[in-house]
Amino acid sequence: MSPRDRSDDERFHVFATRSTASLTRLAYLLCGDQHLAHDLVQTCLIRLYQAWPKVRDKDAADPYARKVLLRCWLNERRRPWRRAESQDGHVPDTPAPERDPAGVMHQKEVIRVALAKLPPRQRAAVVLRYWSQHTVTETATILRCSEGNVKSQSARGLAALRAALAGLDAEALKELKS
């Protein structure tokens, strides 16, 4: 292995160590499953490692990694066994109320459940635009679609997210009353 290859490997290792947490958060918002999020990040890092010698600007690798992660998630959604699986069932691992008095975990769970109700393209548009703070142009480039499509998917996604959150709030009120 030449010294140049070692330095590339070292730079990739530093990049992977630095960006794994943020990529995992983004993957979790996209897929809504912690284990799948970790798998997606690992797949993303493998693909990124394979392409690492071709990445010209190593300092601008974060946007490229997010794009690769999004592609991994969209590819995973296209797999036949994922279409047959339903993720809207009851989750048995809910936190005990006495362990989370502030309700922070509940708020995160409500947002995750509401995001899970969105179609994949709308979820991707909403997460990229409003969580990752990408511009319309950047989001269109990442999603490989037009800017108008990003705007409409974002608007529809936000409307669906509001409706899902309102529905979840109504369900939560019913649970509190009973």
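This is a short tour of two helix packings, one residue in helix α6 and one cysteine. Keep in mind as you click around that the model is predicted.

**Stop 1: α6 against α7**

Select residues 120-131, which make up helix α6, and then residues 136-143, which make up helix α7. Look along the pair: the angle between them is about 140 degrees, and their axes sit 10 Å apart. Angles over 145 degrees would count as roughly antiparallel, so this pair is classed as oblique. As for handedness, α6 and α7 cross in a right-handed way.

Now show side chains at the contact. On the α6 side, pick R121, A124, A125, L128 and R129; on the α7 side, pick V136, T139, I142 and L143. Colour them by class and you'll get 6 nonpolar residues, 1 polar and 2 charged.

**Stop 2: α3 against α6**

Leave α6 on screen and add helix α3, residues 61-78. Here the packing angle is about 165 degrees, with 11 Å between the axes. That puts α3 and α6 in the roughly antiparallel class, because the cut-off for that class is over 145 degrees. The crossing of α3 with α6 is right-handed.

For the contact itself, select L70, W73, L74 and R77 in α3, then P120, R121, R123, A124 and L128 in α6. Sorted by class, this set holds 6 nonpolar and 3 charged residues, with no polar ones.

If some of those α6 names ring a bell, they should: R121, A124 and L128 appear in the contact with α7 and also in the contact with α3.

**Stop 3: Q122**

Stay on α6 and centre on Q122, which is part of this helix. Is Q122 buried or exposed? Its relative accessible area is 12%, so Q122 counts as buried. To see what Q122 touches, leave aside residues up to four places away in sequence and bring up Q153, R156, G157 and A160.

**Stop 4: C44**

Finally, jump to C44 and display C72 as well. How many disulfides does the model have? The count is 0. For C44, the nearest cysteine sulfur belongs to C72, at 5.3 Å, while a disulfide needs the two sulfur atoms within 2.5 Å. C44 is therefore in no disulfide. Switch on a surface and check C44 once more: its relative accessible area is 0%, so C44 is buried.

Technical notes: Residues numbered from 1 in each chain as written. Predicted model: local features only at pLDDT ≥ 70, side-chain atom pairs only at ≥ 80, totals over all residues. Heavy atoms only, no water. Axes fitted to C-alpha atoms, helices over the stretch in contact; angles between N-to-C directions. Helix = DSSP H or I, 4+ residues; strand = E, 2+ residues; numbered from the N terminus. Parallel < 35°, antiparallel > 145°, perpendicular 65-115°, else oblique. Left-handed = near helix turned anticlockwise from the far one by under 90°. Contact = heavy atoms within 4.5 Å. Nonpolar A, V, L, I, M, F, W, Y, C, P; charged D, E, K, R; others polar. Buried < 20%, exposed > 50% of the residue type's maximum accessible area, 1.4 Å probe, protein only.
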